[in-house]
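Please load the model in your viewer and keep the selection panel at hand. The stops below are meant to be followed in order, with a selection to make at each one.

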Amino acid sequence: MRKILAASLLGLSLSAAGLANAEPVKVGMITTLSGGGAGLGIDARDGFMLALKNAGATDIEVVTEDDAQKPELAVQIADKMIQSDKVDILTGIIWSNLAMAVVPNAVAQGKFYLSVNAGPSALAGEKCNQNYFNVAYQNDNFHEAMGQYANKDYKKTFIMAPNYPAGTDALTGFKRYYKGELAGEVYTKVGQTDYAAEIAQIRASGADSVFIFLPGGMGIAFTKQYAQSGVGIPLLGPGFSFSQDVLAAIGDAALGVKNSASWAKDLDNEANKKFVETFQAEYGRLPSVYAAQAYDTGNLIVSAAAKASVKDADAFRAALKEAKFDSVRGKFKFNTNNHPIQDLYVREVVKEGDVLTNKIIGTSFTDHEDAYAKDCKM
C-alpha cells in the first residue's frame, strides 16, 4: 500500500531555523512495512517522521512505500520514485541485499541516498559514491564491537548469521577482532524460523559462547527456541538481534544477553532525551536503534536543507558531509567514505518494570572507523 506523508499534513509548526525559506525537498522512503521484518521498517519510518515533526520541517515531503523485503520490488519502487515522483533523496532500506539492488543505480542517476540502516561493505569501499551517505554504520561495526567484547570472557565462540551480504559482513566483522577459537561458523537461510538443527550443532560444538546476527523475526524465533532447548551457553549478539522492536516478542529469553550498538535509550545527551521522550509520547512505545538511526537521518536532511538547496547538488552534498545536527548518539561525523566515525557500546538486556530494554554496560570502541574506508577512492 502506498502512502504519501507530507510534513505539511501533519499540522506542524515551523520551528527549525532557516527552514522558512528552504527549497522544498522530496524524499522517497523505501522500507519494509510487511512480513517478518516489518517491525524494523516501521520503527525506521516512525523515527524519520518524528525528526521532521520535531524540527517543524514543513518543506520536506515524504513518499513512503513498502518493499516487502523483496529486492526486485525495491528496484521497481525506486525507479518509480525517481522517474515519476521526482524525489530528490532516497532512504529507508533496512536490508543490505535490497540496498545493493537499489543504491548504485539511484546514485548513478544523480540522486542522493541516505541509509538509515543497511551498510554493505561494497558501498563503503570500492563502490562508494559521493551521493551515498550512511547515517547508521557499516555492516561490520556492531559485530566488530562484540568480537572485541568476547575476548574479555570467552575462548571458543560459535558464530551464526543469515546467508546474505549483511550476514557475511557480520561474521567477518566479529572475526576481525575476536582472538579466540571458533567452535563453528554457520550461515542460515534468510527468513528461517526453525533452528533445531543449528541448536543441535551448538550443543555438540564445545562452545563457551554463541554469537548470532539474526535480525527481525529470525532473532525472535532463534532466541526463544534456544532458551527452550536448555543449552545454556551464553548468548551474544549485535544490537539488531536484541533491538527494542523485538524484545517484547522474544520475552524473558532475552534477559541478560549482551549486545552491541552505537545507541541506547540511556545515552546521556539532550538530543537523545528529547528523542526517547517524544517517541514514546507519539507512538506509545520505546524506540529501537532502527528508529534512532532514522531520526538522525531525518535531522541530517533538515540541517542540510537549511543550508543549501537540494537542487544545488554540490552545496547540498557539502552540507550533508558537514553533519551539523544534534545526534542522539552525541558526537557524530562522517569518514572519508561518508560512513560514521562513532563510539560503539556494549548493552545488556534488562527489565524495567514489565518492559524489556537495553542498558549500556560499557564502551567497546571510541571513534571507531570502518575497515573499508581505505578502499574508497572519493
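A disulfide here is a pair of cysteine sulfur atoms within 2.5 Å, and the structure, which is a predicted model, holds 1 of them.

**Stop one: the disulfide**

Select Cys128 and Cys376 and show their side chains: these two residues are joined by the disulfide, with an S to S distance of 2.1 Å. The torsion about the S-S bond of Cys128 and Cys376 is about 90 degrees, so this disulfide is right-handed. Colouring by secondary structure helps with the next point, since Cys128 lies in the loop between α4 (121-124) and β6 (132-134), while Cys376 lies in the segment after β14 (355-368), and the pair therefore ties together parts that are 248 residues apart in sequence. Are the two cysteines buried or exposed? Cys128 has a relative accessibility of 13% and counts as buried, and Cys376, with a relative accessible area of 10%, is buried as well.

**Stop two: helix α12**

Now select residues 313-322, which make up helix α12, and highlight Phe316, Arg317, Ala319 and Leu320, which are buried. If you look down the axis of α12, its buried residues fall within an arc of 160 degrees, so they line one face of the helix. To see what covers these buried residues, add to the display β4 (89-91), β5 (112-115), β6, α11 (289-305) and β12 (333-334), which are among the covering elements. Before leaving this helix, step on to Ala323, just after α12, where phi is positive at about 50 degrees.

**Stop three: Gln293 in α11**

From the covering elements, go to helix α11 and pick Gln293, which has its place there. At 1% relative accessibility, Gln293 counts as buried. Which residues does Gln293 touch, leaving aside those up to four places away in sequence? Its contacts are Val116, Asn117, Ala136, Tyr137, Phe142, Ser262 and Arg329.

**Stop four: the largest cavity**

Keep Asn117 and Tyr137 on display and add Tyr164, Ala166 and Phe213, because the largest cavity is lined by 16 residues, of which these five lie nearest its centre. The volume of the largest cavity is about 120 Å³, and the structure has 3 cavities of 30 Å³ or more. By class, the lining of the largest cavity is made of 11 nonpolar and 5 polar residues, with no charged residues.

**Stop five: the second largest pocket**

Next, select Ile233, Pro234, Leu235, Leu255 and Val257, which lie nearest the centre of the second largest pocket among the 14 residues that line it. This pocket has a volume of about 160 Å³. Showing α8 (217-229) and β10 (235-238) is useful at this point, as each of them supplies at least two residues of the lining, and α8 gives the most, with 3 residues. What is the make-up of the pocket lining by class? There are 10 nonpolar, 3 polar and 1 charged residues in the lining of the second largest pocket.

**Stop six: Asp194**

Finally, select Asp194, found in the loop between β8 (181-188) and α7 (196-204). With a relative accessibility of 51%, Asp194 counts as exposed, the cut-off for that class being over 50%. Adding Met218 to the selection lets you draw a C-alpha to C-alpha distance of 8.8 Å between Asp194 and Met218, two residues that are 24 residues apart in sequence.

Conventions: Residues are numbered from 1 along each chain as its sequence is written. This is a predicted model: local features need pLDDT of at least 70, side-chain atom pairs count only at pLDDT 80 or more; totals for chains, interfaces and linings use all residues. Side-chain values use heavy atoms; hydrogens and water are left out. Helices (H or I, at least four residues) and strands (E, at least two) are DSSP runs, numbered from the N terminus. Buried means under 20% relative accessible area, exposed over 50%, partly exposed in between (1.4 Å probe, protein chains only). The arc is that of the directions from the helix axis to the C-beta atoms. Contact means heavy atoms within 4.5 Å. On a 1 Å grid over the protein atoms alone, a cavity is a set of points where a 1.4 Å probe fits but cannot get out, and a pocket is an open set with protein on both sides within 12 Å along at least five of seven lines; lining residues have an atom within 4 Å of a point. Grid points are joined across faces, edges and corners, and a volume is the space filled by probe spheres set on the points. Ala, Val, Leu, Ile, Met, Phe, Trp, Tyr, Cys and Pro count as nonpolar, Asp, Glu, Lys and Arg as charged, and the others, Gly among them, as polar.
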